[in-house]
Amino acid sequence: MKFLRIKKVFSVFVKIVCVVIIFSSLVCPIESNAQTHQSEVVRVGVYDNAPKIYRDDDGVIKGFWADVVNDIAEEENWKVEYVFGTWSEGLDRLEKGEIDIMVDVAVSEDRKEVYDFSNETVLVNWAEIYTRPDIEVNSIFDLEGKNIAVMQSGIHFIGPLGIKNLLDGFNINANFIDTEVYADVFEKLNNREVDAGVVNRIFGISNADKYNVIRTGIVFNPVELRFAFAKNSNKNSVLIPAIDAQIKRMKDDRESAYYKSMDSYFPGTSMEIEIFPIWMKQVLIVGGLLLFCALIYGLMMKHYQKILERKVREKTKDLLESNNFNQAMIDSIPFGMHIINSKGEILFLNKKLRDSFERDVTGEKCWEVYGKNKKQPCNCLLRNGINIGRVEEGEVSSCMIDKILRITYTGMKYKDEYAMMEVFQDVTAQRESEEKNIRLDKLKSRFINTLSHITRTPLTGIAWTLESLLSGDLGKLKEEQAALIRQALVNEKKIVAVISNMNVALDIERGMMKLELLETMLDDLTRSVIQQFNPMCELKEIKCRVNVSRSDIKEVRIDPEKIRRVLDILIFNAITYSSKEGVVDVDFLRKNGVIRVAIRDVGVGIPNKEQGDIFGLFFRASNAYESYPDGAGIGLYIAKAIVEKHGGKIGFESTEGKGSTFWFELPVE
């Protein structure tokens with residue numbers, strides 16, 4: 001009996017052990033597997049900047065950046081925790097290490113000191129200025145005294161090329177109104193609380209139609225948008241390589257979440273990013289901005305200097321001839337001024353000059369006062385044949401030690417004595433700056449020439465390859481494939497045209513454009529130009545027709561390459577600004593010793609108030625940006641210069657919303 005009880009106990013024990021073993025074999029692997037595949041938590045900072053990133057009414061984080069982050073998280077098995085706040089709150093949290101990643105951050109040297117960045121650029125963006133319909137802003141100088149809404153913590157405000165530094169550089173005074181998000185900028189414009197506002201390009205294009213705002217076309221500060229990370233975080237060694245690899249994967253796959261989201265939130269831009277290299281776009285934008293700023297700076301300085309000198313001469317002449325001579329007004333002139341008689345004796349000095357001497361030099365010879373030594377007279381201050389009322393000017397470098405002076409002088413009567421009044425301005429720094437600008441201009445020209453040279457051959461090769469594909473040499477293409485290749489071919493020609501036009505514009509500005517005249521059949525040249533636009537016409541389903549009778553045409557002595565460029569510019573504009581399934585007609589007429597070529601379209605037309613500026617450098621009509629936002633505004637400027645160099649004329653007739661006819665006339669021998 002005792003043995004049976006022991007046997008029974010042992011049997012129960014064996015059963016318990018078996019149950020434990022079976023249970024362990026089932027439970028332990030599951031726990032181990034769960035532990036092995038447990039998702040890593042990644043905290044991502046987001047803010048309201050629709051459509052790039054935003055939180056909807058249900059509290060769900062959406063937008064382009066959200067789609068990209070979610071796709072990366074799924075591939076990397078991350079669990080994303082979105083931390084919502086304002087833009088400045090997100091950056092502050094990132095700096096404190098309270099979050100791991102911040103989306104949609106523009107890269108700058110200052111920010112690299114505070115945050116780490118991904119190596120792959122996600123988007124390229126830049127800033128644009130919007131205004132109210134009742135306020136006209138055609139250039140950056142129209143912002144003088146305006147109230148401008150900005151995101152003060154954003155790079156488009158505080159960046160090296162942001163609006164604050166840009167206005168300071170041109171000595172333009174404006175009042176900046178701070179906002180938390182770009183939507184507040186448009187709200188303040190809509191409510192007439194401000195005169196203008198700064199937003200990024202993508203936000204503006206996506207949201208402008210929701211508000212009563214006007215796009216000015218003033219653009220600046222191109223930036224790269226990437227992921228930002230807490231500085232020197234231990235997680236960065238895993239997060240940054242993973243995100244770089246995933247972004248590169250998505251960019252290489254046209255069916256990825258990157259392009260699908262872009263098509264959804266930024267319609268029409270994904271093709272541009274895929275075909276048009278980011279580095280090329282940045283070069284063109286920065287090059288265009290530098291050229292624009294250099295031209296504006298030069299014009300502004302010349303205009304400002306002439307105004308100052310004219311005002312100084314007029315005010316001084318009036319004051320000196322008046323019996324009630326106002327000493328205080330003369331002393332307020334910011335330039336040195338004196339009056340000398342025909343013997344070279346100093347009769348009068350203004351405060352600017354008096355303060356530069358330790359003694360009263362009135363009555364002394366000018367060469368003894370200003371000369372480098374007493375034996376050598378100051379040759380710029382005493383001139384023979386003083387003419388009363390005649391204003392002359394010049395520059396000298398020997399009147400003051402180590403100074404270059406601009407001298408404005410005029411003959412006058414002072415206290416019943418024939419005398420000469422001279423106003424001199426120290427232009428040493430200005431001349432040094434001009435010399436520096438000349439060197440920069442040469443460097444800029446060399447850069448654009450080099451860019452043109454190194455890109456022309458590969459771009460031509462790309463064009464040949466695309467044309468071969470379209471022709472079916474390598475097999476028949478599907479219609480979708482052919483459409484993409486036609487778009488690529490169109491964009492390739494746009495790049496080549498922009499680079500080439502920059503070279504021509506520089507030659508025109510420097511007066512270096514030369515003509516190589518040859519006898520040319522103008523109609524054959526026109527047909528050749530139109531043929532190169534076939535892919536673009538097919539893409540927009542536009543018909544291009546050349547209407548000419550052989551009896552109307554004879555050989556014309558022209559520079560065929562230059563006139564080809566004129567035709568290229570005018571026909572490209574006609575196709576670009578025409579609606580789908582439109583018609584572009586090219587007509588020829590010979591009469592009164594000239595031959596006229598007219599290019600007619602049924603496109604957007606030109607607003608009446610802007611027609612007077614249409615041939616200006618960098619000018620584009622306000623409605624042109626909607627049809628073709630990437631234009632440079634130099635084509636018509638070049639066309640006008642080339643036609644007039646041939647001794648011809650150029651003009652147009654246009655009705656907004658109905659189309660335009662651009663024509664040019666060339667003399668026929």
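Is lysine 640 buried, partly exposed or exposed? With a relative accessible area of 28%, lysine 640 counts as partly exposed, where buried means under 20% relative accessible area, exposed over 50%, and partly exposed in between (1.4 Å probe, protein chains only).

The model is predicted: local features need pLDDT of at least 70, side-chain atom pairs count only at pLDDT 80 or more, and totals for chains, interfaces and linings use all residues. Residues are numbered from 1 along each chain as its sequence is written, and side-chain values use heavy atoms, with hydrogens and water left out.

**Exercise 1. Describe the salt bridge of lysine 640 and its setting in helix H22.**

Solution.
Step 1. The criterion is a side-chain nitrogen of Lys or Arg within 4 Å of a carboxyl oxygen of Asp or Glu. Lysine 640 satisfies it with glutamate 644, at 2.7 Å from N to O.
Step 2. Both residues belong to helix H22 and stand 4 residues apart, about one turn of the helix. Helices (H or I, at least four residues) and strands (E, at least two) are DSSP runs, numbered from the N terminus. An α-helix has 3.6 residues a turn, so residues three or four places apart point the same way.
Step 3. Glutamate 644 is partly exposed as well, at 41% relative accessibility.

**Exercise 2. Determine how H22 is enclosed, and what covers its buried residues.**

Solution.
Step 1. Of the 11 residues of H22, 8 are buried, so the helix is largely enclosed by the rest of the structure. The buried residues are Gly635, Leu636, Tyr637, Ile638, Ala639, Ala641, Ile642 and Val643.
Step 2. Their cover includes helix H17 (479–509), helix H20 (560–576), E22 and E23, contact meaning heavy atoms within 4.5 Å.
Step 3. H22 (residues 635–645) lies across E22 and E23 and runs at about 140° to E22. Axes are lines fitted to C-alpha atoms, for helices over the stretch in contact, and angles run from 0 to 180 degrees between N-to-C directions.
Step 4. Just after H22, glycine 647 has a positive phi of about 80°.

**Exercise 3. Give the strand order of the sheet that contains E22, and place helix H18 against it.**

Solution.
Step 1. The sheet is open, has 5 strands in the order E18-E20-E21-E23-E22, and shows mixed pairing; two strands pair if DSSP finds at least two bridges between them.
Step 2. Its edges are strand E18 (543–547) and strand E22 (649–655), each of which pairs on one side only. From one strand to the next the twist averages 15°.
Step 3. Strands E20 (residues 583–591) and E21 (residues 594–600) run antiparallel and are joined by 7 bridges. Valine 586 has isoleucine 599 of E21 as its bridge partner.
Step 4. Helix H18 (residues 522–532) lies across E18, E20, E21 and strand E23 (659–667), at about 170° to E20.

**Exercise 4. Identify the salt bridge of arginine 545 and compare the exposure classes of its two partners.**

Solution.
Step 1. Arginine 545 pairs with aspartate 585, the closest N and O atoms being 2.7 Å apart. The pair links distant parts of the chain, with arginine 545 in strand E18 and aspartate 585 in strand E20, 40 residues apart.
Step 2. Arginine 545 is partly exposed at 39% relative accessible area, whereas aspartate 585 is buried at 6%.
Step 3. The structure has 30 salt bridges by this rule.

**Exercise 5. Classify the ring pair of tyrosine 258 and tyrosine 259.**

Solution.
Step 1. Rings of Phe, Tyr and Trp (its six-membered ring) pair if their centres lie within 6.5 Å; planes under 30 degrees apart count as stacked, over 60 as edge-to-face and the rest as tilted. The whole structure holds 16 aromatic pairs.
Step 2. The two tyrosine rings have centres 5.0 Å apart and planes at 80°, so the pair is edge-to-face.
Step 3. Tyrosine 258 is buried at 0% relative accessibility, and tyrosine 259 is buried at 3%.
Step 4. Ring pairs link both into a cluster with Phe64, Trp65, Phe227 and Phe266.
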